[in-house]
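Here are some short exercises on how two parts of one protein chain meet. Have the model open and try each task before reading its solution.

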Amino acid sequence: MSKSNKEVPKLKLNQGWNYAPAPESASHVKLKDKYDLFIGGQFVKPTSGKYFDTINPANEEKIAKVAEANTADVDKAVKAARTAYDKVWKKMPPKERGKYIYRIARLIQERAREFAVIESMDGGKPIKEARDVDVPLVANHFFYYAGWADKLQYAFPNRIPQPLGVAGQIIPWNFPLLMAAWKIAPALACGNTVVLKPAETTPLTALKLAELIQESGLPEGVVNIITGFGETGAAIVNHPGIDKIAFTGSTDVGKIIQKAVAGTNKKVTLELGGKAANIIFDDAPIDQAVEGIINGIYFNQGHVCCAGSRLFVQESVYEEVIQKLKDRIETLIVGDPMDKNTDIGAINSRQQLDNINKYLKIGADEGAEMYQSSCNLPGKGFFCKPTIFTNVAQSSRIAQEEIFGPVLTVQTFRTDDEVIEKANNTPFGLSAGVWTDKGSKIFNLTTKMRAGVVWANTYNKFDPTAPFGGYKESGFGREGGLHGLSAYLKV
Ligand code: ADP
């Protein structure tokens, strides 16, 4: 046995004590029973009169009713955005546009706690993530792009950057408010107006953002926020008055959108699925790497397109890494997202939980070995135990398809070339992670990995200045940083 495959002492866990519950209060949160569509600076009733429920996935209780927009509502929203674009926003001096975006950023900071609580209630993510990751990043995105509004000519020297017009933006449920910020902030900074649709299971923080935008005094129609299902999204994509589509979501819907806009003048950016490889070499700081792997896959219940869902461990440290991973998932606290101790909250919807459970069965049927934490799950709501699959074949479906849940597959490798080949062998290419002591290995891997983001000795680090986006079926176009500006400009 090699030096690093030494006996790993098993941690003594669950010694009869637990953290006392530390629930975040929701008493400061103001939510209405019913939300209308935010069009032209006003909340207006949906043409069809139809509303749907948004529920709390941690207890399956209804939180509010939300309007369902049809094609007539989409048309109204696009016209409001066009009028605002032609009459106000594109003519406004960029410095003034920037001031509005700064104001939105400041208001988000002031309401940070309320936004974090609503994000956790509506989406199921642990309050500590909503509070410490999502909402601060949202404010940072608005601050960052506010700063660019009057400096676009420096971002693109010797060019005359021009806005595109009306942007249709469709976002998913994994980072509801953060995805709204990623889309709205650069679009406004570049002088575009917006029609945004949040996901049907997580509309509330976008609707609270609409209230905040109304309060900020942003000229009416510059941002329109409409709610609904896939048909509402499709109506945005197909509307002739839209100049640009920005979509984050599944690869299947991304393909539909790509076909729908083919042959039109609409510009498109797509941020789609992922199946990231997290690669751990035998010279890596193992404890730090294990913590990074845990964060990479179990963060936000694995509801992250860039989740490090495929772990590749160099053979000589395999036993040690697996033992440490098993010990660590045993200590993860799964349960009430509103409890400040919770590490893994609720799965976003019953449909998503069914999908994850389908993959757990596929993994077992394919002959992989499944290991789950021994924790108890709450009786109500949608929850899944953190899961590790070992003995996974490269060709197996659990190693090739996006599961979008707290499920890690583990494979081994011997050489750099072998792991690069295995890691690149999926239809996706959004992100990857490398854990090693050697800078030369990091550079070798980052140049050969077909992934938009490669993290070295860390994972899931986000910053508004850093571009994010994929290769292959993970989509195209970049969000964040300077690259994120060019997605909303004619240069
Ligand atoms: P996920 O699998 O992450 O839920 P989806 O791609 O189904 O991702 O959903 C992401 C967003 O796309 C949601 O806002 C959803 O309502 C919207 N959507 C679903 N189907 C379509 C479609 N055909 N055209 C446009 N938007 C759609």
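A salt bridge here is a side-chain nitrogen of Lys or Arg within 4 Å of a carboxyl oxygen of Asp or Glu. Keep in mind that this is a predicted model.

**Exercise 1.** Find which domains the assignment gives, and how far apart their C-alpha centres lie.

*Solution.* Start with the bounds: domain 1 covers 34-272 + 474-490, and domain 2 covers 277-463. Next, take the C-alpha centres of domain 1 and domain 2, which are 30 Å apart.

**Exercise 2.** Describe the extent of the interface between domain 1 and domain 2.

*Solution.* Begin with contacts: 30 residues of domain 1 touch 31 residues of domain 2. Then turn to area: about 2500 Å² is buried between the two domains, with carbon and sulfur atoms giving 59% of this. Finally, look at single residues: E60, W173 and S474 supply 21% of what domain 1 buries against domain 2, more than any other three residues.

**Exercise 3.** Decide whether E60 and R350 form a salt bridge, then survey the polar links across the interface.

*Solution.* First, check the distance: N to O is 3.1 Å between these side chains. The cut-off is 4 Å, so the pair E60 and R350 qualifies. Between domain 1 and domain 2 the count is 2 salt bridges. The rule also finds 13 residue pairs in polar contact across this interface.

Now see what lines the domain 1 side. Both α3 (112-123) and α4 (127-148) supply at least two residues to it, and α4 gives the most, with 6 residues. By class, this side has 13 nonpolar, 9 polar and 8 charged residues.

Conventions. Residues are numbered from 1 along each chain as its sequence is written. This is a predicted model: local features need pLDDT of at least 70, side-chain atom pairs count only at pLDDT 80 or more; totals for chains, interfaces and linings use all residues. Side-chain values use heavy atoms; hydrogens and water are left out. Domain bounds come from an automatic or database domain assignment. Contact means heavy atoms within 4.5 Å. Buried area is the accessible area (1.4 Å probe) that two parts lose on being put together, summed over both. A polar contact is a pair of N or O atoms within 3.5 Å; within protein, one must be able to donate a hydrogen and the other to accept it, and residues adjacent in sequence count only if both atoms are side-chain atoms. Helices (H or I, at least four residues) and strands (E, at least two) are DSSP runs, numbered from the N terminus. Ala, Val, Leu, Ile, Met, Phe, Trp, Tyr, Cys and Pro count as nonpolar, Asp, Glu, Lys and Arg as charged, and the others, Gly among them, as polar.
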